[in-house]
Amino acid sequence: MAEIRHQYATVRGHRVFYREAGPREAPTLVLLHGFPTSSRMFRHLIPALADRFHIIAPDHLGFGNSDAPSADAFTYTFDSLTDITEALLEQLGVTRYAVYVQDYGAPIGWRLALRAPDAVTAVITQNGNAYEDGFVPEFWKPVRAYWDNPGPETEPAVRAALSFDAIRWQYLHGVDRPELVDPDTWTTDHREVNRPGNDLVQLALFGDYASNPPLYPELHAYFRERRVPLLAVWGAGDEIFGPAGARAFARDLPDAEIHLIPGGGHFLLESHLDTVAGYIRGFLTATG
């Protein structure tokens, strides 16, 4: 079993936690987690890849074991989270890497690629959207209402996403074998996002998600111009970012490798780890 090194770095005055594994001279793969979790979502994937790749998986500020400054002390936007990730990679001497994105990790990964297109050697997106196609309307309707008019009328519906039942739903919906999903996932995430003051952190990020779709045209141009190798491995039962979001990559990247996994949901690694790891190993081996 590969060793996983649990480490901290001070980045722009904030303590950032990251998991690291594999030989540092090997090709680097950066794993970017989504809401409402942390790099803990990669706890089983990292050992499955670390024999051949150098893995770095940070916790975003406000999540997991990284600092969680108050919403008054830090501007929680996807730009600012990207700033922290970019500075961490610079501090670690990582200049070229493949990136795995999921959920919130996607807009951070897209910004990294747009800022430094030569740095990103390949993209793996696991239920990480880059097209309007994948937004499931039933889930996103209250979020879009909050984008348009943040306040007491729209906040309760998005604040509900911090509840125990909503976080549990994120892990279990669309999963054909829910008994494979560890209950510690949603109980831990619920506890962490409900730390004192963290509700305002999460509301700030819900609101700033509105900044992501306007980036899509620039991102699509990057795909067409750079032809970055891309693997989309997607839980077909995801009711947040649906399968149309995976298929859409082929519009701008005709050579994209796209796999819809039946019986998988938003957190595909919890139920279909071996399938995802197998696709990743084959993809990264083929792309060099």
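Pro36 sits in the loop between E3 and H1, and the peptide bond leading into Pro36 from Phe35 is cis, with omega near 5°. That is worth a second look in a predicted model, since most peptide bonds are trans. Further along, the loop between strand E3 (28-32) and helix H1 (45-49) also holds Phe42. Phe42 is fully tucked away: its relative accessible area is 0%, so it counts as buried. Setting aside neighbours within four places in sequence, the contacts of Phe42 are Leu31, Leu32, His33, Pro47, Ala57, Tyr100 and Leu269. Arg195, by contrast, is 22 Å from Phe42, C-alpha to C-alpha, and 153 residues away in sequence.

Two of those contacts, Leu31 and Leu32, lead straight to strand E3. Five of the five residues of E3 are buried, so the strand is largely enclosed by the rest of the structure. Both faces are covered: Thr28, Val30 and Leu32 lie on one side, Leu29 and Leu31 on the other, and all are buried. The strand has partners on either hand, too. With strand E4 (residues 54-58), E3 pairs in the parallel sense over three bridges, and Leu29 stands opposite Ile55 of E4. With strand E5 (residues 97-101), E3 also runs parallel, this time joined by four bridges. Here Val30 has Val99 as its bridge partner, while Leu31 is matched with Tyr100.

Tyr100 turns up again in the packing. Beyond four places in sequence, Tyr100 touches Leu29, Val30, Leu31, Leu32, Phe42, Leu45, Ile124, Gln126, Leu269, Val276 and Ile280. The largest nonpolar core counts 96 residues, and Tyr100 is among the three that touch the most other members, together with Leu45 and Phe223. As a general backdrop, nonpolar side chains in soluble globular proteins tend to be buried together.

Zooming out, E3 and its partners belong to an open sheet of eight strands, in the order E1-E2-E4-E3-E5-E6-E7-E8, with mixed pairing. Strand E1 (4-11) and strand E8 (257-261) form the edges, each pairing on one side only. On average, neighbouring strands of this sheet are turned by 20° against each other, direction ignored. Helix H3 packs on the sheet, where H3 touches E3, E5 and E6, and the direction of H3 makes about 155° with that of E5.

H3 (residues 105-115) also has a helix for company. The axes of H3 and H9 come within 10 Å and cross at roughly 60°. The two helices are therefore oblique to each other, and H3 passes H9 in a left-handed crossing. On the H3 side, the residues involved are Trp110, Ala113 and Leu114; these meet Glu218, Leu219, Tyr222 and Phe223 in H9. Phe223 is one of the residues already named for touching the most other members of the largest core.

Just past helix H9 (216-226), the loop that leads to strand E7 (230-235) contains Arg227. Arg227 has a positive phi of about 50° although it is not a glycine, and most residues other than glycine have a negative phi. At 47% relative accessibility, Arg227 counts as partly exposed. A second case of this kind is Asn127, also not a glycine, with a positive phi of about 55°. Asn127 is found in the loop between strand E6 (120-125) and helix H4 (137-148). The surroundings are another matter: Asn127 has 0% relative accessibility, so it counts as buried, whereas Arg227 is partly exposed.

Finally, helix H6 (residues 164-172) places Ile167, Gln170, Tyr171 and Leu172 in buried positions. Two of these, Ile167 and Tyr171, fit a simple helical pattern, because residues three or four places apart in an α-helix point the same way. The cover over the buried residues of H6 includes helix H7 (184-193). Just after H6 comes Gly174, which takes a positive phi of about 75°.

Definitions and conventions. Residues numbered from 1 in each chain as written. Predicted model: local features only at pLDDT ≥ 70, side-chain atom pairs only at ≥ 80, totals over all residues. Heavy atoms only, no water. Buried < 20%, exposed > 50% of the residue type's maximum accessible area, 1.4 Å probe, protein only. Contact = heavy atoms within 4.5 Å. Core = buried A, V, L, I, M, F, W, Y, C linked by side-chain atoms within 4.5 Å. Pairing = 2+ DSSP bridges. Axes fitted to C-alpha atoms, helices over the stretch in contact; angles between N-to-C directions. Parallel < 35°, antiparallel > 145°, perpendicular 65-115°, else oblique. Left-handed = near helix turned anticlockwise from the far one by under 90°.
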